[in-house]
Amino acid sequence: MTPALLLRTYLELSSHYDPQNWWPTRTGSLWEVLLGAILTQHTSWTNVAQTFDRIEAAWGSEGLSRPEVILSTPLDALTAAVRPAGFHTSKPQRLVTLARFVMEHGGPEALAASSEPTIDLRRELLALNGIGPETADAILLYALRRPVFIADAYAVRLASRWGLVPPTASYSTVQALFMDNLPHDPALFNEYHALIVTHAKALCRPKPLCQVCPLNRPLFFGAGKPSAWICPKMYTDQKERV
């Protein structure tokens with residue numbers, strides 16, 4: 001039931017929202033995606049965009065597309081540029097560490113084209129200072145196009161409200177839920193994660209707007225006698241209102 005349910009909720013969200021087209025970039029470069037994965041840690045995308053403005057103003061589009069720019073920039077200048085993204089004492093160092101890692105692998109395009117197994121690349125990324133599972137998986141999925149699902153807090157919220165994991169489920173548990181029950185397709189994981197983030201911000205908020213949710217009706221799926229499903233969060237709320 002779980003694979004069919006996850007696919008059906010994906011289709012419902014996909015039909016409700018416009019295509020997400022993640023990861024948004026200005027230059028289309030892989031390095032800009034890698035930059036964004038670090039800069040967006042513990043901050044909003046608005047602050048990341050302000051940081052990109054500063055990088056472009058200082059070094060032009062090459063600042064967003066070439067890791068060599070980071071490596072050749074004095075640390076004080078880099079710190080000033082990334083200040084809007086917060087953590088201005090740690091994020092510059094993390095960017096330098098990531099830039100070195102990327103260049104040691106021949107540059108962004110060479111890293112993306114590498115035949116190295118995903119599990120090994122993930123292990124190497126997690127060994128870098130300041131890169132945890134969510135950041136590593138964002139790099140793998142959005143920059144390197146590897147089939148890895150990002151089990152962030154939004155995914156935990158939705159999956160727990162759908163009754164598939166407890167609200168306290170670990171990152172690895174939620175990631176396994178999606179990866180064990182869906183085709184290992186980077187495009188699917190990309191769009192599904194983006195839709196989860198969009199839905200969690202728009203409707204499935206900490207205080208959810210269940211009455212206008214696209215899942216606010218029984219969903220039928222499966223062959224033969226189809227199964228009927230309704231979001232447990234909405235079902236519980238409806239019972240409490242009666």
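In this predicted model, the second largest pocket has a volume of about 160 Å³. Thirteen residues, written here as 13, line the second largest pocket, and those closest to its centre are Trp22, Trp23, Tyr142, Arg145 and Asn190. Two or more lining residues are contributed to the second largest pocket by each of the helices α2 (30-39), α10 and α13, and the largest share, three residues, comes from α13. When the lining of the second largest pocket is sorted by class, eight residues are nonpolar, four are polar and one is charged.

Two of the residues closest to the centre of this pocket, Trp22 and Trp23, are also joined to each other by a cis peptide bond, with omega at about 10°. Tryptophan 23 is found in the loop between α1 (2-16) and α2, and the loop between α1 and α2 also holds asparagine 21. Asparagine 21 has a positive phi of about 55° although it is not a glycine, and its relative accessibility of 62% places asparagine 21 among the exposed residues. A positive phi, near 60°, is likewise found at histidine 42, a residue other than glycine. Histidine 42 lies in the loop between α2 and α3 (45-59) and counts as exposed, at 69% relative accessibility. As background to these backbone values, most residues other than glycine have a negative phi, and most peptide bonds are trans.

The largest pocket contains about 680 Å³ of space. Its lining is made up of 24 residues, and Thr40, Thr43, Glu134, Asp152 and Tyr154 lie nearest the centre. The elements that give two or more residues to the lining of the largest pocket are α10 (133-143), α11 and α13 (186-202), with α10 giving the most, four residues. By class, the lining of the largest pocket divides into 11 nonpolar, nine polar and four charged residues. The helices α10 and α13 therefore appear in the descriptions of both pockets, since each gives two or more residues to the lining of the largest pocket and of the second largest pocket.

Enclosed space was examined as well as open space. Rolling a probe the size of a water molecule over the atoms shows where empty space is left. The count comes to one cavity of 30 Å³ or more, and the largest cavity has a volume of about 80 Å³. The largest cavity is lined by 13 residues, of which His199, Cys204, Cys210, Cys213 and Cys231 lie nearest its centre. Its lining divides into 10 nonpolar residues, one polar residue and two charged residues.

With several cysteines named around the cavity centre, the question arises of how many disulfides a search of the whole structure finds. A disulfide is a covalent bond between the sulfur atoms of two cysteines, and the search of the whole structure finds zero. Cysteine 204 is in no disulfide, and the nearest cysteine sulfur, that of cysteine 213, is 6.4 Å away. Cysteine 213 is in no disulfide either, with the sulfur of cysteine 204 as the nearest cysteine sulfur, 6.4 Å away. Because a disulfide requires two cysteine sulfur atoms within 2.5 Å, this pair does not qualify. Cysteine 204 is buried, with a relative accessible area of 10%, and cysteine 213 also counts as buried, at 12% relative accessibility.

Cys204 is also one of the residues touched by arginine 161, which lies in helix α11 (residues 153-161). Arginine 161 has a relative accessible area of 13% and is therefore buried, the limit being under 20%. Not counting residues up to four places away in sequence, arginine 161 touches Cys204, Arg205, Pro206, Pro208, Cys231, Pro232 and Lys233. Leaving aside its own neighbours within four places in sequence, tryptophan 162 is in contact with Leu6, Thr9, Leu13, Tyr192, Leu215, Trp229, Cys231 and Pro232. Tryptophan 162 also belongs to the largest nonpolar core, which has 75 residues, and is among those with the most contacts inside it, together with Leu98, Leu125, Phe178 and Tyr192.

A last result concerns the two ends of a long sequence separation. Glycine 222 and methionine 1 are 221 residues apart in sequence, yet their C-alpha atoms are 7.9 Å apart in space. Glycine 222 is placed in the loop between β1 (219-221) and β2 (227-229), and with a relative accessible area of 54% glycine 222 is exposed.

Key:
Residues numbered from 1 in each chain as written. Predicted model: local features only at pLDDT ≥ 70, side-chain atom pairs only at ≥ 80, totals over all residues. Heavy atoms only, no water. Core = buried A, V, L, I, M, F, W, Y, C linked by side-chain atoms within 4.5 Å. Buried < 20%, exposed > 50% of the residue type's maximum accessible area, 1.4 Å probe, protein only. Contact = heavy atoms within 4.5 Å. 1 Å grid on protein atoms, 1.4 Å probe; cavity = no way out; pocket = protein on both sides within 12 Å on 5 of 7 lines; lining within 4 Å. Points joined across faces, edges and corners; volume = space filled by probe spheres on them. Nonpolar A, V, L, I, M, F, W, Y, C, P; charged D, E, K, R; others polar.
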